[in-house]
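Please open the structure in the viewer and have the selection tool ready. The tour proceeds by selections, each followed by a description of what is found there.

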Amino acid sequence: MIRALIVFLLFVPGLCSPASGGAWLREDDTGFTAFSSTNRVPKDLSFLNSDNSFYVEYGVTGQTTLGADLNYATVWDGLDMLQEGHAILFLRRPIGRADRSMRFAYELGIGTRYRLLEWEGVLKLGLSMGKGIETGLGNGWIAVDGSVEFEDPSGGRLTKLDATFGISVSPRVKTMLQIQSSYRSKDIYNVDVIPSIVWELKPKSYMLLGVEARHSRTKTYGLKVGFWRDF
């Protein structure tokens with residue numbers, strides 16, 4: 001998985017300012033918040049997976065962005081409920097000049113995760129890159145984000161690799177295609193494909209609506225609703 005991450009990070013640039021995160025740092029004294037909720041079911045409707053996330057970032061300086069990533073998920077099969085989640089604080093800094101078309105940034109995070117009825121510490125190391133592009137439909141961006149989260153005391157490791165392709169089809173409407181993947185020790189993996197649309201409800205406030213297809217041990221399909229706010 002690590003080798004695939006390195007290869008992907010090297011070759012995707014040959015192929016942005018998005019609303020959040022990645023290689024784009026926040027300007028000094030500006031911020032962004034995002035809340036999203038995804039509900040997933042398999043074809044046989046045997047269980048319901050509800051995944052809720054809150055994300056915030058703030059530009060302390062033009063070279064340093066601080067933020068928090070919070071998540072709470074449940075799986076309910078009609079009888080039992082499995083719960084897990086995490087809370088991670090992070091720092092993001094640029095790699096190289098921030099004025100070039102291809103941007104890079106690294107991220108360091110620390111936090112905690114609740115999983116299998118236990119709390120454990122998390123150390124996160126991340127690398128992001130992004131590039132603004134022009135298309136026949138409007139200006140857009142490509143972003144790739146890779147990270148490894150080390151879990152203590154279990155010694156587990158969660159590797160993530162996400163890619164986003166977005167286009168601003170009008171001043172108030174954006175479309176996105178996200179491919180998100182994660183791999184945990186002991187061959188636990190997820191691959192999500194999420195096409196979505198984002199529109200501006202009012203200045204600096206946005207709503208996201210998307211659908212998700214997840215390939216894992218059990219295939220599921222979901223609906224994602226989110227709200228973004230710049231400040």
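A residue is called buried when its relative accessible area is under 20%. The model on display is predicted.

Select first Glu57 and Arg26. Both residues are buried, and their side chains form a salt bridge with an N to O distance of 2.8 Å. Glu57 belongs to strand S2 (residues 48-61) and Arg26 to the loop between helix H1 (2-11) and strand S1 (31-41), so this pair ties together parts that lie 31 residues apart in sequence.

Next, display the strands as a cartoon. Twelve of them, S1 to S12 in order, make a closed barrel with antiparallel pairing. On average, neighbouring strands of this sheet are turned by 20 degrees against each other, direction ignored.

Now select strands S4 (residues 81-95) and S5 (residues 102-115), which run antiparallel and are joined by 11 bridges. Within this pairing, Leu89 stands opposite Ile110 of S5.

Keep these two strands in view and select Glu107 and Arg92. A salt bridge connects them, with the closest N and O atoms 3.2 Å apart. Glu107 lies in strand S5 and Arg92 in strand S4, 15 residues apart; both residues are buried.

Move on to Glu149 and Arg113, whose salt bridge brings the closest N and O atoms to 2.4 Å. Glu149 is in strand S7 (residues 138-152) and Arg113 in strand S5, 36 residues apart. Glu149 counts as buried at 2% relative accessibility, and Arg113 is buried at 5%.

Finally, select Arg26, Glu57, Arg92, Glu107, Lys124 and Asp230 together: salt bridges with shared partners join these residues into one network. The whole structure contains 12 salt bridges.

Conventions
Residues numbered from 1 in each chain as written. Predicted model: local features only at pLDDT ≥ 70, side-chain atom pairs only at ≥ 80, totals over all residues. Heavy atoms only, no water. Pairing = 2+ DSSP bridges. Helix = DSSP H or I, 4+ residues; strand = E, 2+ residues; numbered from the N terminus. Axes fitted to C-alpha atoms, helices over the stretch in contact; angles between N-to-C directions. Salt bridge = Lys/Arg side-chain N within 4 Å of Asp/Glu carboxyl O. Buried < 20%, exposed > 50% of the residue type's maximum accessible area, 1.4 Å probe, protein only.
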